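Biologist: I would like to learn how to read a model of a protein. Please take one feature at a time.

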Amino acid sequence: MRPVTLQLAIIVGYLMIALAVGLVAYRLTDRTAEDFYLASRTLGTVVLLFTTFATLLSAFTFFAGPNIAYAQGPEWILVMGLMDGIIFAILWYVVGYKQWLLGQRYGYVTLGEMLGDRFGSRWLRGLVAGVSLMWLFPYVMLQQVGAGTALEALTEGAVSYAAGAGLITAFMILYVVVAGMRGIAWTDTLQGAFMLVTTWVAVLWVLAAVGGPGAATDALASNPDTGGFLSLGSDYYTVPWMLSTAITIGFGVAMFPQVNQRFFAAGSKTVLKRSFVLWPILCVLLFVPSFMLGAWAAGLEVAVPEGANVLPLVLAEFTPTWFAALVIAGAMAAMMSSSDSMLLSGSSYFTRDLYRPFIEQDLSDRREDLIARSGVVIFATAAFVVSLVQPATLFEIGNAAFSGFAQLALPILLALYWRGTTRAGITAGVVVSQLFYILSLFLAVVPNSYAGWSAGIVGMGLGLVVTVVVSLVTSPAAAERRAIYFDRLGAD
């Protein structure tokens, strides 16, 4: 069998297995919005942990991360593998447990639904949903860009970028429309475990081919272009940059719709607490080998053309064709496990927080289920069309989305734990921080760095201050009826 045919057969075969799991889940899924979005809030520890884990195993992890390590050194492990693992685990408890309590009591499905009820405002509900969808769009697109570039590199151009991106988009649409949260959670568990195993096998295979970790590290140290990679404190990895990046990514992840909704889906508080404790361990187990592969590739002088991804190329250089294809198939499945969750959550944000309150308030469960599935098709297709122009690098796209979501975090934390937060305060905090960060991306008059600290983290601080100040000078609206319940649940 020709190498390209073998590669495509492995990739398509793996995706078909995931689709088969989705079809089984479809047979067990109720035709209700809550079951479609949250699997009726029944996820156990292993499934919740791995579905959250696989949801974050995106193109940013498998391609952007190794690319950064290849270009700048392995200190990226400290940002994504260690600091973010700990930050998000803490937020999983601080934000996630409170959301779970509220979801159990009031039946919330989305973050906007919860906040709109807390402050008695459909406009705040729509604002949170609109901001979330705005940042979700480029992150869905990132998965399509990653899939297209990976297949193009793996097959040496036999499969074009557009064809690769189109393949993953078609599978995403089919899978999400059929499976819902239950199928996504099941396949995420399979994909997360599969990627842990194949990533470690890939590292061991590459190291065996080059003479072991000592030889790979010596090659990195002896190369004049990469010798500085093994010492902390390079010009790229400054302390303000590392802290800014770790904090914005950690807080941004907690606000990602596909992650945030999983806080509502846990079967019990024990499930939720066990999962956040195990989270940092999984992060280290995955990020260390994948990012080190990128760093070692620099010392081994693997040729990486401008704009290409290092992981497929290093695997093609040191492992058999079938194994490289298997790892990339797993990476594409991981991208699909991110995108399917994003599409499902994006659909729920649109139908429950925009369509229902502003267009059809008496929407039935069955009709909402139909609209949600249709929204998946429209959202994924639009992201695919934009991905064809490849507007930025994988890191730039992912980092913008992380920081954009992070702007929501502190105003929402205040709403969860400070009873004095007012509707005007949280609205002003969200709007001001979002505008500041968006302007920093597109206008030179608003710097994107402040003494080494990113505009993302400065925007977070600005949102916190604005929320507090405006809340102190305004009075709660009469419709803010849930404040006392939020306050009592915080002491649970």
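Modeller: The protein chain has 20 helices and two strands; helices (H or I, at least four residues) and strands (E, at least two) are DSSP runs, numbered from the N terminus. This is a predicted model, in which local features need pLDDT of at least 70, side-chain atom pairs count only at pLDDT 80 or more, and totals for chains, interfaces and linings use all residues. Residues are numbered from 1 along each chain as its sequence is written, and side-chain values use heavy atoms, with hydrogens and water left out.

Biologist: What percentage of the residues in the protein chain is buried?

Modeller: Buried means under 20% relative accessible area, exposed over 50%, and partly exposed in between (1.4 Å probe, protein chains only). Of the 492 residues in the protein chain, 59% are buried.

Biologist: What span should helix α18 have, at 1.5 Å a residue?

Modeller: The expected span of a helix is 1.5 Å times one less than its number of residues. Helix α18 has 20 residues (423-442), so it should span 28 Å; the C-alpha atoms at its ends are 29 Å apart, which agrees.

Biologist: Which residues of α18 are buried?

Modeller: They are Gly 425, Ile 426, Gly 429, Val 430, Ser 433, Gln 434, Phe 436, Tyr 437 and Ser 440. Down the axis of α18, these buried residues fall within an arc of 160 degrees, so they line one face of the helix. The arc is that of the directions from the helix axis to the C-beta atoms. Leu 435 and Phe 442, on the other side of α18, are exposed.

Biologist: Where is Phe 405, and which residues does it touch?

Modeller: Contact means heavy atoms within 4.5 Å. Phe 405 is in helix α17 (residues 394-417) and is buried, with a relative accessible area of 0%. Leaving aside neighbours within four places in sequence, its contacts include Ser 132, Trp 135, Gly 252 and Phe 256. Phe 405 and Val 253 are 152 residues apart in sequence, yet 7.5 Å apart in space, C-alpha to C-alpha.

Biologist: Which residue shares a polar contact with the side chain of Thr 110?

Modeller: A polar contact is a pair of N or O atoms within 3.5 Å; within protein, one must be able to donate a hydrogen and the other to accept it, and residues adjacent in sequence count only if both atoms are side-chain atoms. The side chain of Thr 110 has a polar contact of 2.8 Å with that of Asp 353. Thr 110 lies in the loop between α5 (76-106) and α6 (111-119), and counts as buried at 0% relative accessibility.

Biologist: How many aromatic pairs are there?

Modeller: Rings of Phe, Tyr and Trp (its six-membered ring) pair if their centres lie within 6.5 Å; planes under 30 degrees apart count as stacked, over 60 as edge-to-face and the rest as tilted. The count by this rule is 20 aromatic pairs. Among them, Trp 322 and Phe 323 are edge-to-face, at 5.8 Å centre to centre and 85 degrees between the planes. Trp 322 is partly exposed, at 41%, whereas Phe 323 is buried, at 3%.

Biologist: Where does Ala 451 lie, and is it buried or exposed?

Modeller: Ala 451 is in the loop between β1 (449-450) and β2 (453-454), and counts as exposed at 74% relative accessibility. Its phi is near 55 degrees, a positive value in a residue other than glycine.
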